[in-house]
Amino acid sequence: DNRGRGRKGDDPDYASGDDSDGDVSVDDDQSVALRRINPSGKPPEAGIIVKVYVENFMCHKKMSVDLCSNINFINGQNGSGKSAVLAAIQICLGAGAARTNRAKSLQTLINHNGKATHAKIRVKLLNKGSDAFQHDTYGDYVTVERIIDRGGGGGYKLLDYQDKVRSKKKADLDAMLDLFNIQVENPVAVLDQEESKKFLMGKQEDKYAFFCKATELERIDRQYISTLDHVEDLEIQRGAMMKSLRPQAEVVQKLKGEWDECQKLDKIESKITKCRIHAAWALVNDQESADAAVMHKRDRIQEEHAKLEEKLRKHEENPPSEEAAQADDEKLKQLTDEANKAKEYKDELERELKQKKKPQQRLMTDVSQLKKELKRTEKNLKASKANLQEARDAFLNKKGSNESEKAKIVEKQKELEEAIEANEDKHKKYAKKLDEVVESYEAKTEDMEELEEGAKRLYGQMKDKEGLIKELNSQGGSTNLAVFGSKAPLLVKLVQRAMEKGAFKGQVYGPVGALLKMKAGKEKWAKLVEVAIQPLALSTFILDNEADMMVMKRLRKETQCRTHELPLLYMSPGPRYDVRALNVQGIETALSVLDVKKDIIFNFLCDNQRAERKGLAPSKSVSEDKLITMQNGKRVSQVDECYFAPSGDHWQLKNGNLSIRSNTRPLVSNIGKDTDAALKEARDEHKELEDEHRAKRTEIGTLKKTIAEEKKLWNQYNKSAKSLASDIQEQKEELRGLAEELEENAEDDEEEDNTELLKEVEEDEEKVSELKKEIEEKEAKIDEEAPEVEKLESKHEEEEVRNQKITAEIDEIIARIEEGASLRQNWKEKLEKGKRKLASMAVDLTAAEEEVNKLQSNVDSMIKVAKTLLWKEERLLKKKKRRMRAIQGHKKGDGSDDDDDDDDGHD
């Protein structure tokens, strides 16, 4: 029943119906008559239930019921959920599960048909008019929400008119229900079927309990008992407080005695005041002394500041001359152009020489092939002649000595054949020697080309070392940067200047190798460390702010670095990694022997180089014995790879497979090396390269002489071979004439048939003749080309000498330019250093002035304090004298009180 719901003490009863047989209603007309209700025609304002919403509650999955402002009737069949609406109102407004007479616990009220894990109930109340509950917070409507969780959780929420959560406290709900006089536990307010049975058919004690609940006597009785308990507690507290006051009374008596004693301290206080005055003036004196010292310091800084200004003015008026530098620049440009032209001409000569040598080399190859073919043909000719001679010897034995003339012809043929064979043997020897000379000439020519390439390479290395020596000479300080890249010193200077101008937002670290040092006692591992850590990593520059990468790339471009020279890397700053140490005696890691001050460099070595996983050992056997073990039939190690002395080779262990790799780089130790040591090492290496280059040039000169001598031998053997070939040809012609004569004179009956053998010999001889002729033609062509090739080689050597001379002049001018640039840079650095020192002195001078002013202010304050203390002491003495006169006058009884000396106006 929502009729006339109002504030506490003036609310009508509430009635609701829910009966399994139909409906149940409670109408307490007497209660309505006794309470004040709204006048006729005035709508209800506060405490009226507007809407009930349930979700997964009892038999309802989701249901919403809108109620009117007066009487509401709910009807329906049994089990349709009428009682669930009333139970939802009770449970939502704070009643327990047992009060609904539908369940013993809240969890059993959750709908069990689905898989719901909780139930939700909302009851919306009207909240208008003067009796509204916290209207500023909740507005015209208050919604109470209660969640019932299957796990036992849940709670209350109070929502405003916009369904925003305003409170989750049960106390706020109780306060609102008390204001609206809503009693969900009162059986008269909510009379369900079970309570009706107790009221109509229950025992006397049940009816009495119903009466106590309905009239709130039960609640009042509980409050009365609670009040009595509270009163008893207050009495106990009062007794305890009275007991605790007794020691305080004794303390008061004691303090009174002490107060009397304190009255005797006036004289002591007077002395203390005088001491304070003396101390204040002493402080004034000390402060004045300090002020004088600071003023003296300020005067000295002013004097030094003026001297430095004058010195800087003179330094700035006398800068290094630029004329010599401009002249050197012009000369350098001229020589560079000349060197480029000379190089182009030299390259053109090399191409032309190479082009000229190609046909000569092809001819030499052809000659070599023809000589091999000639050798095979001569071997066949020799065999054919042997067969022919054997046939002739058989013929002579058969014919006897009857035909002397024929025998003479045969004998002469034999002599000619022997002469031809002897000449051919000589020709073979000359051909063999010629082949040896040609092979030696070709081999020595190839050796000379290799030596010239080696000399060029050594010359380039010498120039690199000279550049390094110049960098080291021009570099100040003890840190050697050039060993990590020839452009490293210049890049570091550019970074420092950009830092001074504020171009970087973060810090720049690099090169990494310059920030590393060997730990004390670990110097013997220096060379192995530089093999384990890649040279590219040692020359890396690291930035801790990604925005600085563009600035760094621009500076790197200004130094004209190559693609992989002085690489850049961004790393976000962070704490130093916690790295587990390798506890193996005699074995170190690349990280454990290095002294790394910067955390970001330490982390870079771990991330980029895995330095904590690279072992260092005195030998291969020691490394394998101490680091590699067997587990489950598989080799395992405490490190990923290990570098060992003496040559820096290392092994790797992956998936139980051990592989060993040789080191091809020379062992050096640049980490922590000073400039003097690096300069000495660079000079020693330059001298070694220079000696090796000189030896190469000497060897090239000797080889050229040998090649020239072999070329002469080649010509001599070639001429001798040609002469012998001509003699052999003439002898063969004569032999052919004798054969024809012998054939004409031969008798018909005993004619010798050597036609096939002679034909075979003649074919072989003809082929030998053709091959020799072809060889002579090709060798003649080689001889024809030789002068022109030699002429080009001579021009190439002259151009090489000219290039070296121009390069030497360029190096000399570059050295002068660098020396002038170094002088100008030193002048600028001194000027900047002086300006910075001047600025620093100006700051010191300003600070000294401020300190003088501060000290002077302190002196004035201390003088004021001292004068104030003195004035207060005099005033206190006057008051004491006046008080003493008043006491004396009171003792005499004249009641006089002299106030002439009162000067309270100064208080």
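Where is Pro511 found? Pro511 sits in the loop between strand E7 (508-509) and strand E8 (516-518), and I will come back to its peptide bond after a few words about the model as a whole.

What we have here is a predicted model, in which local features need pLDDT of at least 70 and side-chain atom pairs count only at pLDDT 80 or more, while totals for chains, interfaces and linings use all residues. Residues are numbered from 1 along each chain as its sequence is written, and side-chain values use heavy atoms, with hydrogens and water left out.

Let me start with confidence, for which we use pLDDT, the predictor's confidence in each residue, from 0 to 100. The mean pLDDT of the protein is 78, and 87% of its residues reach 70 or more. Over residues 6-36, however, the pLDDT is below 50, although this stretch has 74 contacts in the model beyond near neighbours in sequence, a contact meaning heavy atoms within 4.5 Å. Over residues 894-907 the pLDDT is also below 50, and that stretch has 18 contacts beyond near neighbours in sequence. Where pLDDT is low, the predicted coordinates should not be read in detail.

Now the overall build. The protein has 18 helices and 18 strands, where helices (H or I, at least four residues) and strands (E, at least two) are DSSP runs, numbered from the N terminus. Of the 907 residues, 35% are buried, and here buried means under 20% relative accessible area, exposed means over 50%, and partly exposed lies in between (1.4 Å probe, protein chains only). Among contacts with a separation of 6 or more, 74% come from residues 24 or more positions apart.

Please look next at the open sheet of six strands, whose order is E2-E1-E3-E4-E5-E6, with antiparallel pairing; two strands pair if DSSP finds at least two bridges between them. Its edge strands are E2 and E6, each of which pairs on one side only. Neighbouring strands of this sheet are turned by 25 degrees against each other on average, direction ignored, and the axes behind such angles are lines fitted to C-alpha atoms, for helices over the stretch in contact, with angles running from 0 to 180 degrees between N-to-C directions. Helix H2 (residues 82-92) lies across E1, E2, E3, E4 and E5, and runs at about 110 degrees to E1.

At one edge of the sheet, His60 is found in strand E2 (residues 60-66). Is His60 buried or exposed? Because its relative accessible area is 10%, His60 counts as buried. A polar atom of the His60 side chain lies 3.1 Å from the backbone oxygen of Gly81. Leaving out residues up to four places away in sequence, His60 touches Val54, Glu55, Ser80, Gly81, Ala84 and Asn111.

At the other edge, E5 and E6 pair in the antiparallel sense over two bridges, and the bridge partner of Leu159 in E6 is Val165. In the loop between E5 and E6 we find Asp163, a residue other than glycine whose phi is positive, near 65 degrees. Asp163 counts as partly exposed, because its relative accessibility is 45%.

That brings me to backbone details of this kind. Most residues other than glycine have a negative phi, and most peptide bonds are trans. The bond from Gly510 to Pro511, in the loop I opened with, is cis, with omega near -10 degrees. The bond from Ala645 to Pro646 is cis too, with omega near 5 degrees, and Pro646 is found in the loop between strand E16 (641-644) and strand E17 (650-654). Asn655, in the loop between E17 and strand E18 (657-661), has a positive phi near 55 degrees, and with a relative accessible area of 68% Asn655 is exposed.

There is also a hairpin, in which strand E14 (residues 628-631) and strand E15 (residues 634-637) pair in the antiparallel sense over four bridges. Ile628 stands opposite Ser637 in E15, and Asn632, in a hairpin with two residues between the strands, takes a positive phi near 55 degrees.

I will finish with helix H18 (residues 755-892), which holds Glu777. Glu777 is partly exposed, with a relative accessible area of 44%. How many residues apart in sequence are Glu777 and Leu363? They are 414 residues apart in sequence, and their C-alpha atoms are 9.9 Å apart in space.

Notes:
A polar contact is a pair of N or O atoms within 3.5 Å; within protein, one must be able to donate a hydrogen and the other to accept it, and residues adjacent in sequence count only if both atoms are side-chain atoms.
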